[in-house]
Amino acid sequence: MAFGVSDELLGTFVPIVVYWIYSGIYVMLGDMNDYRLHTKAEEDTKNVVSKRTVVKGVLVQQAFQIAVSLILFTFVSESSGGAIRPQPAFWVTVLQFVVAMVVMDTWQYFMHRLMHVNKFLYKHVHSKHHTLVVPYAFGALYNHPLEGLILDTIGGAISFLISGMTPRTAIFFFSFATVKTVDDHCGLWLPGNLLHILFNNNSAYHDIHHQLYGTKYNFSQPFFVAWDKILGTYMPYSLEKRKGGGFEARPIKKAH
Ligand SMILES: [Zn+2]
Ligand SMILES: [Zn+2]
């Protein structure tokens, strides 16, 4: 414990700071017309909510997330008698990290798909996230608080508990998941982006899901594409150069 701040507290707040720093970097990069997946004009016409509303929505969602995380962490640390768990060997930590990624992906795939299949949940909860047809970095967590609770907070808690990771590892895991989610919504195809090289689930893949034809495909998030492939909801796409600069992710199969 450094400076008397517990790892639990850091695990709650660091990912939120990471969210604004990482998406802030994308804001500072500017319009990046040569690398955009949609034109700026498309962003302005297709997205029906203002940037201001999105920032407010994300802050509300994060405030809600802080409250629930603190309650969950209080329960977890009480059940362990408040003792600080030692950090296991490095390879164990890596294994726990991978297990947590698989658990998170599994939880999010089924919950995300349910939010599309169930008309009530889509209309009243998940459609808020889909108001951004052209995604951008700081809109990544523009969600209904109930969606944030179910997908991110509960999903995070389950990943944490099943993987057996320490709260210290969780600081890194939740921060990495945050970076990944922001990147998947950045709306850019930047050369040399390590996340695009390491993961097939990336900004172009998730862009397909955000399109009006795409809401029956590419539910997988935030790490792998396995569940979409296994359950037949995988939409292959090609990345074409757009006239006038930038790229476009085009579905290869006909959407139905
Ligand atoms: Zn969706
Ligand atoms: Zn999204």
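Helices are DSSP runs of H or I spanning at least four residues, numbered from the N terminus; the legends below describe a predicted model.

**View 1. Segments annotated as transmembrane regions.** In an unreviewed UniProt entry, the annotation "transmembrane region" is listed for residues 12–32, 53–76 and 88–110. Residues 53–76 are 100% helix and 0% strand, and the C-alpha atoms at the two ends of this span lie 34 Å apart. For residues 12–32 the helix content is 86%, again with 0% strand. The end C-alpha atoms of residues 12–32 are separated by 32 Å.

**View 2. The span annotated as a fatty acid hydroxylase domain.** The unreviewed UniProt entry assigns "domain: Fatty acid hydroxylase" to residues 97–233. Helix accounts for 64% of this span and strand for 0%. Its terminal C-alpha atoms, at residues 97 and 233, are 26 Å apart.

**View 3. Packing of helix H4 against helix H6.** The axes of H4 (residues 90–117) and H6 (residues 145–163) approach to within 8 Å and cross at roughly 150 degrees. Because angles over 145 degrees count as roughly antiparallel, H4 is described as roughly antiparallel to H6. The crossing of the two helices is right-handed. On the H4 side, the residues that meet H6 include Gln-96, Val-99, Trp-107, His-112 and Met-115. Among their counterparts in H6 are Glu-147, Leu-151, Gly-155, Phe-160 and Ser-163.

**View 4. Surroundings of Val-103.** Val-103 belongs to helix H4. Beyond residues up to four places away in sequence, Val-103 touches Ile-158, Ser-159, Ile-162 and Ser-163. With 18 other C-beta atoms within 10 Å, Val-103 is partly exposed, because burial requires 20 or more such atoms. Phe-223 is 120 residues from Val-103 in sequence, yet the two C-alpha atoms are 10 Å apart in space.

**View 5. The largest nonpolar core and a separate one.** The largest nonpolar core comprises 25 residues, of which Ala-137, Val-182 and Cys-186 touch the most other members. At least two residues of this core come from each of helix H1 (7–29) and helix H9 (203–210). The most is given by H1, with 4 residues. Cys-186 touches Tyr-26, Tyr-136, Ala-137 and Ser-203, when residues up to four places away in sequence are left out. Apart from this core lies another, of 11 residues, whose members include Leu-10, Met-165, Ile-171 and Phe-173.

Note on methods:
Residues are numbered from 1 along each chain as its sequence is written. Chains are lettered from A and ligands numbered from 1 in the order in which they are written. This is a predicted model: local features need pLDDT of at least 70, side-chain atom pairs count only at pLDDT 80 or more; totals for chains, interfaces and linings use all residues. UniProt positions are given in the numbering used here, feature names are shortened, and annotations may be inferred rather than shown by experiment. A nonpolar core is a set of buried Ala, Val, Leu, Ile, Met, Phe, Trp, Tyr and Cys residues joined through C-beta atoms within 7 Å. A residue is buried if 20 or more other C-beta atoms lie within 10 Å of its own, exposed if 12 or fewer, and partly exposed in between; C-beta atoms are placed from the backbone. Two residues are in contact if their C-beta atoms, placed from the backbone, lie within 7 Å. Axes are lines fitted to C-alpha atoms, for helices over the stretch in contact, and angles run from 0 to 180 degrees between N-to-C directions. Angles under 35 degrees count as roughly parallel, over 145 as roughly antiparallel, 65 to 115 as roughly perpendicular and the rest as oblique. A crossing is left-handed if the near helix is turned anticlockwise from the far one by less than a right angle, and right-handed if clockwise.
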